[in-house]
Amino acid sequence: MLACMAGCTTGVQQSMADARIESLIGRMTVEEKVGQLSLYAPAGVDIVANPQAAQQSIDQQMADIRAGRVTGLFNNEGLEGKRRAQEAAVKESRLGIPLIFGADIIHGFRTVFPVPLAEAASWEPALAERTARASAQEASADGFRWTFAPMVDIARDARWGRGVEGAGEDVYVGRQFAAARVRGFQGSDLSRADAMLATPKHFAGYGAAEGGLDYNTVDLSERTLREVYLPPFRSAIDAGALSIMSAFNEIGGIPSNANAALLTGVLRKEWRFQGFVVSDYTADEELIAHGFAADGREAARRAFMAGTDVSMQSGLYMKYLPGLVAAGEVPKSRLDDAVRRVLRVKARLGLFDQPFRGLDKQDGPRFDAPAHQALAREAASRSIVLLKNEGDLLPLPRSGKKIALIGPFAGISDLFGPWRIFPDQAPPMGIEEAMRSRLASPDLLTVVRGSDVDAPIAGGIAAAVAAARDADIVVLSIGENEQMSGEARSRSDIEIPKAQQDLADAVAAAGKPVVVLLRNGRALALEGGVRQASAILVTWFLGSQTGPAIADVLYGDVNPSGRLPVSFPQTPGQVPYYYSHKRTGRPQLADAPAQMYKARYLDATNDALYPFGHGLGYARVRYDALEVQSGRMAWDGSLKIRARLSNTGRREAEEVAQLYIGARSASVTRPVRELKGFRKVRIPPGESTDVDFTLSRADLMFIGQNLKPTVESGPFDLWVGPSATQGLKSSFVLVPE
Ligand code: NOJ
């Protein structure tokens, strides 16, 4: 019987479903079984999200569906096509097995929420759970019951374009957001009409691509894989995810799509995963390009035998698995296992009982669109990170000051970010419109583009400088466009594109106070006029409500409360750059003078320009009175930690207090710090609040010399503070058993 994970079907219901599935399996031909393992993009629909693969014609695809050779379709838009395909499957195929419709619902469907990296900056997993829930409600009302999300890859190299789809560099934050998003997509019960099956991806290590180049080789120690890259997947599965996507990349010579140690060893044997594994797009066929399979037949065999149950788009399983089974090279039992996993999940989704649910126009909208827009605004404003605010330049005044809004992102382009492949239901509002609506007089705002994203405009800089001179404050809206992050969108350089940097430098020279609004899908290396600006806000890609959310923060209606989920380095050459690094044998300590023969660059310090966890609000918060319950933690005990946070400002503060630990010595070297908890709290002006944490032995776990989870007694440092490089420090000893 299936474990009861996302909501509970009763034992009796489950065994009836199991009996029905076994009876079906007993009646299926080998080809029909392989059909349940074959997933395709719909023929004749142009969704720009993947390279073109050899698409069948619509007629051929419909014939295949009638013949039971297709398990589902993905990323197709429109109810009509889905309904026709489902009718062919349910009413015209021999066994009437329903199709499942999947899609990359990454940060919204009709309402566009902030990109996942931005939402991680809220440090509010509960917020990400709500936006995932809303996305599932919208997409399931359009017949989609399966999302290829969340992406839970840890990303420590800002060049990698896909970091924008995940929760950043940290394992603890990654785990919290992975679980929250799965809960949001799947809801409390997978059989409900508005539940979507979640697919944590890309299993595994995809974010560790060499040079930050998408699809590139990964070579990781098993320890780092287990300690850093696998835990978010484990959290997603523990939260109930019943499908998982095997990745494009190899690790140490073994492509993940055909990695038995990962797909069968870790997933099935160690973690007891009950769902099915779907390949990434044509990843089985790509085993040939990897040089891991000589031809399609070998590729299909290797991927399938390693544990990839469902093949996405290549058609290789349909072409070769029947022959491989007939030749005895693929056991029938392996085929039946894979089919059983898929059918069980289809049953859990209620597809057998109600295959047309969500596919009828008459079903009408089953979600509250205005409420979702309000949620998009809330999520967007809470994802913004204030990096600096010299002289309290922000919030901006609504009257009495002339503002020049300069840069290529003032309007409504590039609000959404990657993976916005379905049409929005409400026209988005950009920064210019939103700012103008806040001003006492609309002509206090002058808007000058100044530069294109990647190229200068004739006379652009001169016009921008003139506007800056004529204004009291400059708001500079610069950064990356939507094409600069996401799949296949790695950059070799993480600086602001040159044309915009030239604009920023020229505008800075005009001498007016500058607020930078960064549009970005990654950590950036900030230079010159951008770095020196008085105030900097990281505004990512915030979705449908970008303009209103930014204006909310600019004018102080919302106090910025985001914190960086990725470190901003000093220079682009420092990447991969992340806070939780090892010490080395020759550490150059942050507060010590630079020395030769230490682990440092000649031309940059090792500090982040803005560290992981950093972010300011409009009030100041003081940390003091750190109390650690005892200097000793018993082996089976726990340790309570408390710090006092005081709002010394005149506005409400919202603070993210972060708990870090660092083992002084162990049988395997440990990072300088590791995040072990955080609390986001509101503090009224002039008041104090206590934040509490509890550590136990499990929090001190690492992967030992034997590659197994290990805890060792000994001294630990701990910090409670506002970022990965600050905080009040204390220590404790874990006493031996
Ligand atoms: C390739 C991407 O790597 C994956 O994340 C996505 O789900 C599939 N294409 C399907 O669009």
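**Close-up views of a predicted model**

**Figure 1. Ligand site, with polar side chains at the ligand oxygens.** An oxygen atom of the ligand lies 2.7 Å from an N or O atom in the side chain of His202. The model shown here and in the following figures is predicted. Asp280 places a polar side-chain atom 2.5 Å from an oxygen atom of the ligand. In the side chain of Asn75, an N or O atom is 3.4 Å from a ligand oxygen. Taken on its own, the ligand has 300 Å² of accessible area, and the protein covers 100% of it. The ligand is surrounded by 15 residues, the closest being Asn50, Asp104, Arg162, His202 and Asp280. By class, the shell around the ligand consists of 7 nonpolar, 3 polar and 5 charged residues.

**Figure 2. The cis peptide bond from Phe203 to Ala204.** The bond that joins Phe203 to Ala204 is cis, and its omega is near 5 degrees. Ala204 belongs to the loop that runs between helix H7 (171-186) and helix H8 (222-229).

**Figure 3. The cis peptide bond from Leu394 to Pro395.** Omega is near -5 degrees for the peptide bond from Leu394 to Pro395, which is cis. Pro395 sits in a loop, with strand E10 (385-389) before it and strand E11 (403-406) after it.

**Figure 4. Asp336 in helix H14 and its contact with Lys33.** Helix H14 covers residues 332-348 and includes Asp336. The relative accessible area of Asp336 is 12%; the residue therefore counts as buried, being under the 20% cut-off. Its side chain makes a polar contact of 2.8 Å with the side chain of Lys33. When neighbours within four places in sequence are left aside, Asp336 is in contact with Ile25 and Lys33. Lys33 thus appears both in the contact list of Asp336 and as its side-chain polar partner.

**Figure 5. Asp142 in a loop, with Arg110 as a polar partner.** Asp142 is found in the loop between helix H6 (125-140) and strand E4 (146-147). Its relative accessibility is 10%, so Asp142 is classed as buried. A polar contact of 3.4 Å links the side chain of Asp142 to the side chain of Arg110. Beyond residues up to four places away in sequence, Asp142 touches Glu77, Gly78, Leu79, Lys82, Phe109, Arg110 and Gly358.

**Figure 6. Trp419, a residue with positive phi.** Trp419 is not a glycine, yet its phi is positive, at about 65 degrees. The residue is located in the loop between E11 and helix H16 (431-438). With a relative accessibility of 11%, Trp419 is buried.

**Figure 7. Ala488, a residue with positive phi.** Ala488 has a phi near 65 degrees, a positive value in a residue other than glycine. The loop that holds Ala488 connects strand E13 (473-479) with helix H18 (498-509).

**Figure 8. Phe716 in strand E24 and its contacts.** Strand E24 comprises residues 714-721, and Phe716 is part of it. Phe716 counts as buried because its relative accessibility is 5%, under the 20% cut-off. Arg664 is 52 residues from Phe716 along the chain, but the C-alpha atoms of the two are separated by 5.6 Å. Residues up to four places away in sequence aside, Phe716 touches Ile661, Gly662, Ala663, Arg664, Leu700, Ser730, Ser731, Phe732 and Leu734.

**Figure 9. The whole chain, as context for the close-ups.** The protein contains 20 helices and 25 strands. Its radius of gyration is 26 Å, close to the 27 Å that the globule rule gives for 737 residues, so the protein is as compact as a globular protein of that length. The C-alpha trace spans about 75 × 65 × 45 Å along its principal axes. Buried residues make up 61% of the 737 residues. Of the contacts between residues at least 6 apart in sequence, 78% join residues at least 24 apart. The accessible surface of the protein is about 26,900 Å², and carbon and sulfur atoms account for 50% of it.

How values were computed: Residues numbered from 1 in each chain as written. Predicted model: local features only at pLDDT ≥ 70, side-chain atom pairs only at ≥ 80, totals over all residues. Heavy atoms only, no water. Near = heavy atom within 4 Å. Polar contact = N/O pair within 3.5 Å; in protein donor to acceptor, adjacent residues only side chain to side chain. Areas by Shrake-Rupley, 256 points an atom, 1.4 Å probe, with all protein chains shown as cover. Nonpolar A, V, L, I, M, F, W, Y, C, P; charged D, E, K, R; others polar. Helix = DSSP H or I, 4+ residues; strand = E, 2+ residues; numbered from the N terminus. Buried < 20%, exposed > 50% of the residue type's maximum accessible area, 1.4 Å probe, protein only. Contact = heavy atoms within 4.5 Å. Rg over C-alpha atoms; globule rule 2.2 N^0.38 Å.
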